Structures are given as structure tokens and as C-alpha cells.
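Please open the model in your viewer and keep the sequence panel beside it. The stops below take you from one selection to the next, with a short account of what to look for at each.

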Amino acid sequence: MNTKNKPNTDRSYGELVERFVKWAETCADIRAAIIIGSRARADHPADEWADLDVVVVTTEPERYLSTTDWLGNIGNPLLTFVEPTAAGGQMEHRVLFEDMLDVDFAIIPERNLQQALQSGQVQISNAFGRGMRVLLDKDGLAAQLRALIPSVKTPAPLLPTQNDFLQLTNDFLYHAVFTTKHLRRGELWWAKMCSDCYMQHLLLRMIEWHAHAVHGWNYDTWFRGRFLEEWADPRVLRGLRGAFAHYDKGDVSRALLTLMDLFRWVAVETAEELGYPYPSEADRRVTDWVKARLTENGE
């Protein structure tokens, strides 16, 4: 790799952090600031492509969500927008600074954190549990938060019930028919989005269950498919190569059938490991119908 003109991202992010802390120390409303994510993790730490995730605890959350002038105290923003955090429940200001340095400022109302700490009902997120680096802690809130992080940083997921398993499988099979109908109708966008997005989301959940069923419920599957290439069954990775489609009617048909085959064996093995029945008859009838419709008129 040619690194002659490659920027030192660690140094660049470090400079952003220094400017942020220097500025935040002068802001009476900012009570704490914490780095989470890869730049605070020991396991799978940041590489040159990692962003910076900063939790900002403030008494004036609306200021940081509705305005952008404060970003100039930290760096030169090229663009910015607001969206819900990945964990949900809060909002974050996502910023792309010059040199393509991306920083996510999760804005947490101070009163919300205070109430949660006082009640002892703080839900430690996946991100906090994997590592946190305190930048600012004017009232000891970050210290209290750190004390609540369990020794087992990634709680084992709940074992899916037989009903959970059946609901997910039926949801997948239902949307195989849904995708086929929209494909036959000529609604390629809807068909592709259902197959490549919604059904893949269901597949991911089954892949996670499969990994846990095989390796144990403390096996780390991260979240939302992070590092799937490391923890998923190698057969899954091979199957995924053909399970996404081009924006083409014939290729969506091909990818849908590949996706259904992949889901089937993962789900069947998961059912066997969990001792649950697999809805083989429903699968057979849905698969036969989908194949028949996709082969009509040369689909």
C-alpha cells in the first residue's frame, strides 16, 4: 500500500479530541464526555478506517442537536446531520470533518443519566460494555457509569423460544412469497429491497442463533453483523457470496433462491441443536411455489 500521502489518522483524531476537551471544559452545560467504540476497545481496536464515537452528557441537549456552530470549536466540519443512535433511545450528531474524519457525538441529557444512575436501572449498551475512555467527568457521572459495567462485558443473548424460532422462520418464508409477487409484478425495487435488506436481516438473526447454538450462548456474535466474517460458520460466508442481487430481474430471482437455500440449512441445523421442530412442510410448499413462479415466462 502506498502510504506516502496517507494521513496519520490516530494523530488527527487525537488533535480533534484535544480541541474538544479544551472547549468542553469551558462549557458549564457539558458535564461528562466519554469515548466509546473501537477507539476505546482493547478487543478489535481502532484501525486507520475507524471513526470516533463520543458520548456527550449535557444539561442543554437541544443546543447540540439543533445547531452546528459549536462544531467549529473542534474542527472544520464538511457536513453534518442528526439521527438516532444505533442503540436507540437517544440522538447523535454525526459529523464529517476535513480529511474525512468522522465523529459521532451521542447527545445524552444529564437528567436522564442522573435518574438512571439513581434508580440503578442503567442499561449498559454493547458499546459501553466493550470499553470506555473518559475524557471529562465534572460530577463523577462517568465513574458511576463505569462501576455499573458488568464483569462479563457482553451478556449472553437470550435463548430463543420455540415460538421465537417459528415466528422468525415464518416471517422469512412469508417474505419469500412477498418478494416473488412483487418481482412478477415488475416492482424490482421493492423485490430487491425485501430480499437484500429485510430477509437478510432475518437471516442474520438466524445466523447468530446458529452460532450460539453450536458454540454456546456466551459465544460473541457482536451486533448487527459486526465481524461476521470472524464468528459465523464458514459455510455461511460461502453462501452469502451468491445471496445478494444486482438490480436485475433475473439476478434477483437467482439471489432469492440462493438466500432461501442458505436460510434453510442454517435454520434446520439451529432447530436440531435447540431441539425444535422445523416447519418443513410450509418451507416445501413455499419453495415449490416460488420456484414455479420464477421459472414461468423465463423469469
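Begin by selecting Phe172, and show its surroundings: leaving out residues up to four places away in sequence, phenylalanine 172 touches Met199, Leu202, Leu259, Met260 and Phe263. Bear in mind, as you look at these side chains, that this is a predicted model. Phe172 also belongs to the largest nonpolar core, a set of 44 residues, and it is among those with the most contacts inside that core, together with Phe165, Met206, Trp231 and Val290. To see where the core comes from, colour helix H6 (162-185), helix H7 (188-215), helix H8 (228-231), helix H9 (234-240), helix H10 (249-274) and helix H11 (280-295), each of which supplies at least two of its residues. Which helix gives the largest share of this core? That share comes from H7, with 12 residues. As a general background to this stop, nonpolar side chains in soluble globular proteins tend to be buried together.

Now move the selection to Cys27, Ile30, Val103 and Phe105, which are included in a second, separate core of 27 residues.

**The pair H6 and H7**

Return to H6 and H7 and display them alone, turning the view until both axes can be followed. In general, two packed helices are described by the angle between their axes and the distance between the axes. Here the helices pack at an angle of about 160°, with their axes 9 Å apart, and because an angle over 145 degrees counts as roughly antiparallel, H6 is roughly antiparallel to H7. The crossing of the two is left-handed. If you show side chains along the contact, the residues of H6 that take part include Phe165, Leu168, Phe172 and His175, while those of H7 include Cys194, Tyr198, Met199, Leu202 and Met206.

One residue of this contact deserves its own selection. Is histidine 175, which you will find in helix H6, buried or exposed? With a relative accessible area of 15%, histidine 175 is buried. Leaving aside neighbours within four places in sequence, histidine 175 is in contact with Cys194, Tyr198 and Met199. You can also draw a distance from histidine 175 to alanine 191, which lies 16 residues away in sequence and 9.5 Å away in space, C-alpha to C-alpha.

**H11 and its two partners**

Keep H6 on display and add H11. How do these two helices run relative to each other? Their axes come within 10 Å and cross at roughly 10°, and H6 and H11 are therefore roughly parallel to each other. The crossing of H6 and H11 is left-handed. On the side of H6 the contact is made by residues including Leu173, Ala176, Val177 and Thr180, and on the side of H11 by residues including Val286, Trp289, Val290 and Leu294.

Next, hide H6 and bring in H10, whose axis comes within 11 Å of that of H11, the two crossing at roughly 165°. That angle makes H10 roughly antiparallel to H11, and H10 passes H11 in a left-handed crossing. Among the residues that meet here are Leu256, Leu257 and Met260 in H10, and Val286, Val290 and Leu294 in H11.

**Helix H5**

Select helix H5 (residues 141-148), and then pick out its buried residues, which are Leu141, Ala142 and Leu145. Looking down the axis of H5, you will find that these buried residues fall within an arc of 95°, so they line one face of the helix.

**Two loop residues**

Methionine 100 is the next selection, in the loop between strand S4 (91-97) and strand S5 (101-109). Methionine 100 has a positive phi of about 60° although it is not a glycine, and it is exposed, with a relative accessible area of 54%. Then go to arginine 224, in the loop between H7 and H8. Arginine 224 has a positive phi of about 55°, again without being a glycine, and at 62% relative accessibility it counts as exposed.

**The whole chain**

Finally, clear the selection and view the protein as a whole, with its 11 helices and six strands. Of its 299 residues, 45% count as buried. Among contacts between residues at least 6 apart in sequence, 65% join residues at least 24 apart.

Key:
Residues are numbered from 1 along each chain as its sequence is written. This is a predicted model: local features need pLDDT of at least 70, side-chain atom pairs count only at pLDDT 80 or more; totals for chains, interfaces and linings use all residues. Side-chain values use heavy atoms; hydrogens and water are left out. Buried means under 20% relative accessible area, exposed over 50%, partly exposed in between (1.4 Å probe, protein chains only). Helices (H or I, at least four residues) and strands (E, at least two) are DSSP runs, numbered from the N terminus. The arc is that of the directions from the helix axis to the C-beta atoms. A nonpolar core is a set of buried Ala, Val, Leu, Ile, Met, Phe, Trp, Tyr and Cys residues joined through side-chain atoms within 4.5 Å. Contact means heavy atoms within 4.5 Å. Axes are lines fitted to C-alpha atoms, for helices over the stretch in contact, and angles run from 0 to 180 degrees between N-to-C directions. Angles under 35 degrees count as roughly parallel, over 145 as roughly antiparallel, 65 to 115 as roughly perpendicular and the rest as oblique. A crossing is left-handed if the near helix is turned anticlockwise from the far one by less than a right angle, and right-handed if clockwise.
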